[in-house]
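Biologist: Before we discuss terminology, please show the model. I should like each label to be justified.

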Amino acid sequence: MISLASRRLRFLRGRVKTLSTGFSPLHTTRNTSSTQSPIIPKYPIVSDIPAETSQFPFGFDLEEPEIWREVPPFSDVSYDEFLSWRWHTKIQNLVETKEQLSEFLYAVLPEEVPRPAGMAGMQTRDEFTGDVYSGIRKSAMSVRVMPYVLSRINWADPANCPIFRQFIPLGSIMVQDHPRVKPDSLHEQEDSPVDGIVHRYPDKALFLTVGVCPVYCVFCTRSYGVGANTEVLAKEPFKVSRTRFENAFAYVESQPDLKDIAISGGDAFYLPHHVLEWIGDRLIGMKNIERIRFATKGLAVAPNRFLDSSDPWTETLIRVSDKARRAGKLRNQSVLLRGVNDNVATMSSLIQKLAQMTIQPYYVYQCDMVPKVEHLRTPLQTILDLESELRGSIAGFYMPNFIVDLPEGGGKRLACSFESYDRDTGVSTFRAPVLTSKRKAGKIYKYYDPLPPSS
Ligand code: SF4
């Protein structure tokens, strides 16, 4: 198995043109920033990892005990099965319906589990399960969790497990939405000249290819189009369709200033491999395009797929990157979430571990103002404090940018670049960067802290 890992690792080392990814705490797929992306990376690239290592660089240690066997529904699952992408995506192994979730929870939960932090005492398994159902009824995101993620959750205390909190909602910790919250809070649809393309910055665009992901994050910024409908939100899904993609390619090719395309969704991990290659080939063939990036959470939530030699996705990605003939670089984008990573120790550990894996900590985002995630949003002050405490303790070139993606399509700004911040009302203002739309350049945009619990 180690030689299999080494072989796949050699495939990956230094050859992926750019893969935006997320580790726990996880990325969200976003448009690209106004920061210039050098083609030759100033950061170490994946090829710096010794080939003989048995430690796969994406959190999947081949010498680790078979941790999934500790989770009762997976106790009989062999190493080869657990490595298999096909096994992971079998309908009976994914947890995405209420019945599957119910069956899984009753199999893994002890009779009593602690209540969420701030609520004293224990609760019964039935009470906890009822809390999950109540969360699902209120959530803007449907539930889908991969076996790998299910095997990483602390089932003795799920309500306080940062991995659980990102993917499975609990009704008891959700709070009322801020009145300014909107499903498409970044106004991506307004900046979409053709279906599937978000073009906000002169040289960069986002290509929304697919509306599904290996997991659904409670805090998804694109809940308006990702995953299945929920009781509170009907989706406008991004469909994999030749006509839609051809229209998108025609637009990209018609824009001489456009140089950089982030292929996202949803998650590029769920693009069929032949579609992944087709998209890569089409974009590489355009004279104006210099950089393409595939945005995926796959490395974090299903790293086994990169070791599964029977699955063609990884080799297709590598083939596309080979055709592009550019140095490879992996980047991480994280979202700041209350109770998950909103403290110096966790964020510092994330950055250090990314650095060890030669992955560039690229962005830490202030959580967007999308529905049903108020319990996970933090005030602007939290990100400002985190940045100021981390700066100086971490090598400058590994320091991520702490970003607010301005509501209503104002673009990305450094959190510390606010024009004003009233800590009493929780309202901060930012000036928009130079954007494709002249009417937005220099305009003032507002970000609102979550309301205090009493209001
Ligand atoms: S649900 Fe999908 S698109 Fe949304 S943040 Fe999670 S992985 Fe990204």
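Modeller: The following exchange concerns one helix and then the protein as a whole. This is a predicted model.

Biologist: What makes the span of α12 close to the expected one?

Modeller: Helix α12, residues 344-356, has 13 residues. The expected span is 1.5 Å times one less than that number, and α12 reaches 18 Å from its first C-alpha to its last, close to the 18 Å expected.

Biologist: Which residues of α12 are called buried, and why are they placed on the same side?

Modeller: Met 347, Ser 348, Leu 350, Ile 351, Leu 354 and Ala 355 are the buried residues of α12, buried being under 20% relative accessible area. They cover an arc of only 155° around the axis, which puts them on the same side of α12. An α-helix has 3.6 residues a turn, so residues three or four places apart point the same way.

Biologist: What does the buried side pack against, and what does the face turned away from it carry?

Modeller: The buried residues of α12 pack against β10 (330-335), β11 (360-365) and α13 (380-390). The face turned away carries Ala 345 and Gln 356, which are called exposed because exposed means over 50% relative accessible area.

Biologist: What makes the approach of Asn 343 to Ala 345 a polar contact?

Modeller: At the start of α12, a side-chain oxygen of Asn 343 comes to within 3.3 Å of the backbone nitrogen of Ala 345. The cut-off is 3.5 Å for a pair of N or O atoms, so the pair qualifies.

Biologist: How much of the protein is buried?

Modeller: Of its 455 residues, 59% are buried. The protein has 13 helices and 16 strands.

Terms used. Residues are numbered from 1 along each chain as its sequence is written. This is a predicted model: local features need pLDDT of at least 70, side-chain atom pairs count only at pLDDT 80 or more; totals for chains, interfaces and linings use all residues. Side-chain values use heavy atoms; hydrogens and water are left out. Helices (H or I, at least four residues) and strands (E, at least two) are DSSP runs, numbered from the N terminus. Buried means under 20% relative accessible area, exposed over 50%, partly exposed in between (1.4 Å probe, protein chains only). The arc is that of the directions from the helix axis to the C-beta atoms. Contact means heavy atoms within 4.5 Å. A polar contact is a pair of N or O atoms within 3.5 Å; within protein, one must be able to donate a hydrogen and the other to accept it, and residues adjacent in sequence count only if both atoms are side-chain atoms.
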